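This briefing goes through one protein model, topic by topic. Keep the sequence and the structure in view while reading.

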Amino acid sequence: SIPIIVDCDPGHDDVFALWLAAANPAIDLRAITTVAGNGRIEHTTHNALVACTVAGIHDVPVAQGAAEPLKGELRPAEWIHGANALGGPTLPTPTVKLDERDALTLIADVLNASDEPVVLVPTGPLTNIAHLVQRRPELLPRIQRVIWMGGSTGRGNVSASAEFNAWADPEAAAIVVESGLDFTMVGLNISHQALITREVRARIAALGSRVAAFGVELLEFFCSTYEASQGMPDGPLHDPITVAMLIDPAVATTTRARVDVECENPQTRGATHLDATRPPNATIALDLDVDRFWSLIEDAVQTLGSK
Ligand code: BDR
Ligand code: CA
């Protein structure tokens, strides 16, 4: 199975990325690290521990990472994820304890301990990964690839052209894209195909477990804020597409392209520009096999519910 570290800012869809990574036998989830994004770091860390507690994930270390983007101020996505970044269900007190190491130390320890290169799966702003590139360059050969949910080949969701994870820390995204690491961008252009329809929610609810019920409460809250703020009644489950693509590469089509992250222009800060005239530096996810994706999510929730 593929050794991975999920670096996340839970966040409703981040929770499903964690659950998919923990449940699917093709993935060996070695660590979870947190970053500020959807919420302040206290919230995203707490929510990662909640996600593990609800799903019975007790054997994966969870460490806290960056509280602020490289430049500027954190602006949490409260309009989508609520004031605690995980609005909807009543959150249980976590029984999973936070690792004493910080995120960078945990990532370094996992990379150093692994016999094979490890895949990094960031599903939030790229602040922690940029810190790793800048502070621990000797570790980069131990990273097999980076598969990130963020960016877009077209429209944005925070501004006309910027997606939230790219907009929240564009300098970090630029550093990671230009690091020479094998980089995949899973942007809004594909994630808006993973729509949480009523039928999807009914299928997950029908699994009948506590974890399924908690998951459905998350999805219902997320869809309601998406409807209110974006006019989309079926919100898109962005983050788990990254993990799904590792499990089954056929779940998405891809192309190679040159990506540049806009860091200067205040109107377009965080936009991910694709340029076909220059040599590629990234793999870009394009189209989702929607049925295959939801089957993976459903299987994961079922597996966790039977543990
Ligand atoms: C991304 O931003 C966050 O709100 C989601 O968790 C996802 O990672 C989508 O733009
Ligand atoms: Ca996220």
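Two strands count as paired if DSSP finds at least two bridges between them. With that in mind, Met149 stands opposite Val186 in strand S6. The model is a predicted one. A UniProt record, an unreviewed entry, places the feature "domain: Inosine/uridine-preferring nucleoside hydrolase" at residues 4–294. Over residues 4–294, helix makes up 38% of the chain and strand 18%. The C-alpha atoms at the two ends of this stretch are 21 Å apart.

**Strand S6 and its partners**

- Strand S6 covers residues 183–186.
- Strand S5 (residues 143–149) pairs with S6 in the parallel sense, over 4 bridges.
- The pairing of S6 with strand S9 (residues 282–288) is also parallel, over 2 bridges.
- In that pairing, Thr184 stands opposite Thr283 in S9.
- Are the residues on the two faces of S6 buried or exposed? Phe183 and Met185 on one side are buried, and so are Thr184 and Val186 on the other, which leaves both faces covered.

**The largest nonpolar core**

- The largest nonpolar core has 103 residues, and those touching the most other members are Trp19, Leu20, Val176 and Ile241.
- Helix H1 gives the most to this core, with 9 residues.
- Leaving aside neighbours within four places in sequence, Val176 is in contact with Leu126, Ile129, Ala130, Val133, Val146, Leu181 and Phe183.

**Ala257 in strand S7**

- Ala257 belongs to strand S7, which runs over residues 252–261.
- Why is Ala257 called buried? A residue counts as buried if 20 or more other C-beta atoms lie within 10 Å of its own, and Ala257 has 20, so it is buried.
- Not counting residues up to four places away in sequence, Ala257 touches Leu274, Ala276, Pro280, Ala282 and Ile284.
- One of these contacts, Ile284, is 27 residues from Ala257 along the chain, and their C-alpha atoms are separated by 6.8 Å.

**The shell around ligand 1**

- There are 15 residues around ligand 1, and Gly11, Asp13, Ala77, Phe164 and His238 come nearest.
- Which helices each supply at least two residues of this shell? They are helix H1 (12–23) and helix H6 (164–168).
- By type, the shell around ligand 1 divides into 4 nonpolar, 7 polar and 4 charged residues.
- Helix H1 thus appears under two topics: H1 supplies at least two residues of the shell around ligand 1, and H1 gives 9 residues to the largest nonpolar core.

Definitions and conventions. Residues numbered from 1 in each chain as written. Chains lettered and ligands numbered in written order. Predicted model: local features only at pLDDT ≥ 70, side-chain atom pairs only at ≥ 80, totals over all residues. Near = placed C-beta within 6 Å. Nonpolar A, V, L, I, M, F, W, Y, C, P; charged D, E, K, R; others polar. Buried ≥ 20, exposed ≤ 12 C-beta atoms within 10 Å, placed from the backbone. Contact = placed C-beta atoms within 7 Å. Core = buried A, V, L, I, M, F, W, Y, C linked by C-beta atoms within 7 Å. UniProt positions renumbered as here; feature names shortened; annotations may be inferred.
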